[in-house]
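Let's take a walk around this protein and stop at a few spots worth a closer look. Keep the structure open while you read, so you can find each residue as we go.

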Amino acid sequence: MAPAGTKRGILERLDAGEVVIGDGGFVFALEKRGYVKAGPWTPEAAAENPEAVRQLHREFLRAGSNVMQTFTFYASDDKLENRGHTQRFTGQQINEAACDLAREVANEGDALVAGGVSQTPSYLSCKSEDEVKAIFKKQIDVFVKKDVDFLIAEYFEHVEEAEWAVQVLKTTGKPVAASLCIGPEGDLNGVSPGDCAVRLVKAGAQIVGINCHFDPETCVKTVKMMKMGVEKAGLKAHYMCQPLAYHTPDCNRQGFIDLPEFPFGLEPRILTRWDMQKYARDAYNVGIRFIGGCCGFEPYHIRALAEELATERGFLPPGSEKHGLWGSGLEMHTKPWVRARARRDYWETLKPASGRPFCPSMAAPDGWGITKGHADLMQQREATSQEQLKALFDKATKH
């Protein structure tokens with residue numbers, strides 16, 4: 001395979017109208033496999049259990065991903081030290097290990113390496129612009145050293161912090177993508193998706209979009225609003241979408257974090273591979289060309305995206321060797337009623353049951369309505385005390 005630096009870059013591919021398939025949600029996938037702790041959601045597995053991270057990269061590559069995003073989500077030192085979370089590795093060690101793993105697997109195929117930064121506890125605690133930017137600068141020093149192909153500022157609830165991240169990432173000279181974890185209502189300060197996108201493009205992002213917090217239908221709708229805002233402002237950009245693999249029609253502005261099922265009871269909401277094919281087509285039809293996933297996405301979900309867009313891409317991924325399109329592999333099943341399901345119209349119109357008697361179809365989100373500057377969101381290095389927890393438990397019972 002082509003060595004690093006000789007592959008066509010992300011902007012070359014998007015400028016040519018190609019479909020770029022992202023990967024899935026590493027923290028959720030590795031939490032289920034026993035390598036990430038829910039709560040901190042930090043990526044020390046890149047240094048602690050590199051074989052697990054490497055294998056997940058390989059599975060996404062085999063499924064059709066041509067972006068290997070470094071497993072550096074929440075790998076800023078202020079997050080790694082947050083609320084008594086004991087670390088055996090520094091942010092630099094984790095980020096360096098993650099870059100090496102992503103590059104190793106990317107070089108096994110025609111994939112690019114994207115270094116990523118995300119929102120910080122320091123911003124939520126009202127630290128200054130310079131202090132927050134210093135955190136991003138510390139992370140991008142590693143990405144420059146490891147010569148990643150492009151950079152992503154992802155998972156930002158406040159467009160202001162995302163702007164700061166983009167401004168820092170732009171200093172590297174590498175292409176920059178920026179994705180917010182917001183829905184149609186806008187960021188947590190009420191800035192509309194269209195205005196958010198305009199601000200990110202003006203800050204220097206060449207690719208803008210949405211990741212996490214909401215399902216594909218909501219995210220595609222929000223990216224469409226971003227696209228309309230950018231075009232109305234007379235600007236140009238490419239668009240990306242990396243949603244949840246969960247149905248979230250009942251979410252409010254905060255997204256799935258407000259759902260009572262978050263994070264350990266979300267399985268009944270998971271999208272099927274056929275839902276994912278619809279997402280891929282919907283995203284393509286509104287002009288999104290960087291299409292991937294976030295929390296809940298497993299490799300088979302990514303394979304579904306690649307299969308739906310195989311005509312546009314010109315090929316199927318290696319993982320499709322073990323997957324008959326639209327269930328055609330079931331033609332070989334021993335039971336005749338299962339063989340009868342070897343057809344597209346069966347899976348495309350199926351309404352899956354949950355198998356849970358009396359289970360509600362939707363939940364009532366918590367929605368405490370707090371964000372940056374509220375006392376409850378001030379972050380701390382020491383572990384959350386029992387007194388602090390009791391106050392939260394008491395508050396939760398009143399909602």
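## A cysteine corner and a few odd bends

Start with C294, which sits in the loop between β8 (290-291) and α13 (299-308). Keep in mind that you're looking at a predicted model.

Is C294 buried or exposed? It's buried, with a relative accessible area of 11%. If you skip the neighbours within four places in sequence, the residues that C294 is in contact with are G24, G25, N211, C212, Q242 and P243.

One name in that list deserves its own stop: C212. You'll find C212 in the loop between β6 (207-211) and α11 (216-232). At 2% relative accessibility, C212 counts as buried too, because the cut-off for buried is under 20%. Again leaving aside neighbours within four places in sequence, C212 is in contact with Y155, C181, C219, Q242, P243, L244, F256, C294 and C295. Notice that Q242 and P243 turn up among the contacts of C212, and they are also among the contacts of C294.

So what does the record say about these cysteines? In an unreviewed entry, UniProt lists C212, C294 and C295 under "binding site". Why can we say they gather at one spot, when they span 84 residues in sequence? Because no two of their C-alpha atoms are more than 6.4 Å apart.

Now for some backbone oddities. Two residues other than glycine have a positive phi: D147 and Y155. Here they are, side by side:

| Residue | Phi | Where it is found | Relative accessibility |
|---|---|---|---|
| D147 | near 55 degrees | loop between α8 (129-145) and β4 (150-156) | 43%, partly exposed |
| Y155 | near 60 degrees | strand β4 | 7%, buried |

Strand β4 links the two rows: D147 is in the loop between α8 and β4, while Y155 is in β4 itself. Y155 also takes us back to the cysteines, since C212 is in contact with Y155.

Which two residues are joined by a cis peptide bond? They are F262 and P263, and omega there is about -5 degrees. To find P263, look in the loop between β7 (238-242) and α12 (273-285).

Before you close the viewer, try going back to C212, C294 and C295, the positions UniProt lists for "binding site". Two of them, C212 and C294, are in loops, and you can now trace the contacts of each on screen.

Note on methods:
Residues are numbered from 1 along each chain as its sequence is written. This is a predicted model: local features need pLDDT of at least 70, side-chain atom pairs count only at pLDDT 80 or more; totals for chains, interfaces and linings use all residues. Side-chain values use heavy atoms; hydrogens and water are left out. UniProt positions are given in the numbering used here, feature names are shortened, and annotations may be inferred rather than shown by experiment. Helices (H or I, at least four residues) and strands (E, at least two) are DSSP runs, numbered from the N terminus. Buried means under 20% relative accessible area, exposed over 50%, partly exposed in between (1.4 Å probe, protein chains only). Contact means heavy atoms within 4.5 Å.
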